[in-house]
Amino acid sequence: MKKVLVIDLFNVQYNQMNEKINEELGRLQNDGKSIVDFRVMGSALNKCAVFILYDE
């Protein structure tokens, strides 16, 4: 089954974005999930979200 994880980056400092995204990706992979695709959506880098599509 495919699912979506949303990582909210609203008001996250630029230098902390990598860490926040990589922690969530690592958590998914450590749980045995397979990442299928991702999209970044928003009007600015500090006003966006990362949508990750993964197989459960």
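Start by selecting Gly42, which lies in strand β2, residues 34-42. The model on your screen is a predicted one.

**Stop one: Gly42**

Is Gly42 buried or exposed? Its relative accessible area is 58%, so Gly42 counts as exposed, the cut-off being over 50%. Show the residues around Gly42: leaving out those up to four places away in sequence, Gly42 touches Lys47 and Cys48. Now add Asp31 and draw a distance between the two C-alpha atoms. Gly42 and Asp31 are eleven residues apart along the chain, and their C-alpha atoms are separated by 28 Å.

**Stop two: the nonpolar core**

Cys48, just met as a contact of Gly42, also belongs to the largest nonpolar core. Select the ten residues of this core: Leu5, Ile7, Leu9, Val12, Met17, Leu28, Cys48, Val50, Ile52 and Tyr54. Colour by element next. Which elements give two or more residues to the core? They are β1, α1 (14-30) and β3. The largest share, four residues, comes from β3.

Stay in the core and pick Ile7. Setting aside neighbours within four places in sequence, Ile7 is in contact with Lys20, Ile21, Glu24, Cys48, Ala49, Val50 and Ile52. Three of these names, Cys48, Val50 and Ile52, are in the list of core residues as well.

**Stop three: the salt bridges**

Side chains of opposite charge can pair when their charged atoms come close. How many salt bridges does the model have? The count is five.

Select Lys2 and Asp55. They form a salt bridge, with the closest N and O atoms 3.1 Å apart. Lys2 sits in strand β1 (residues 2-8) and Asp55 in strand β3 (residues 48-55), so this pair links distant parts of the chain, 53 residues apart. Asp55 is partly exposed, at 26% relative accessibility.

Move on to Glu56 and Lys3, another salt bridge, where the closest N and O atoms are 3.4 Å apart. Glu56 lies in the segment after β3 and Lys3 in strand β1, so the pair ties together parts 53 residues apart in sequence. Glu56 is exposed at 51% relative accessibility, whereas Lys3 is partly exposed at 31%.

Next, select Asp37 and Arg39. Their salt bridge has its closest N and O atoms 3.2 Å apart. Asp37 is partly exposed, with a relative accessible area of 31%.

Finish with Glu24, Arg27 and Asp31, which are joined into one network by salt bridges that share partners. Two of these residues have appeared on the tour: Glu24 as a contact of Ile7, and Asp31 as the far end of the distance from Gly42.

Notes: Residues are numbered from 1 along each chain as its sequence is written. This is a predicted model: local features need pLDDT of at least 70, side-chain atom pairs count only at pLDDT 80 or more; totals for chains, interfaces and linings use all residues. Side-chain values use heavy atoms; hydrogens and water are left out. A salt bridge is a side-chain nitrogen of Lys or Arg within 4 Å of a carboxyl oxygen of Asp or Glu. Buried means under 20% relative accessible area, exposed over 50%, partly exposed in between (1.4 Å probe, protein chains only). A nonpolar core is a set of buried Ala, Val, Leu, Ile, Met, Phe, Trp, Tyr and Cys residues joined through side-chain atoms within 4.5 Å. Contact means heavy atoms within 4.5 Å.
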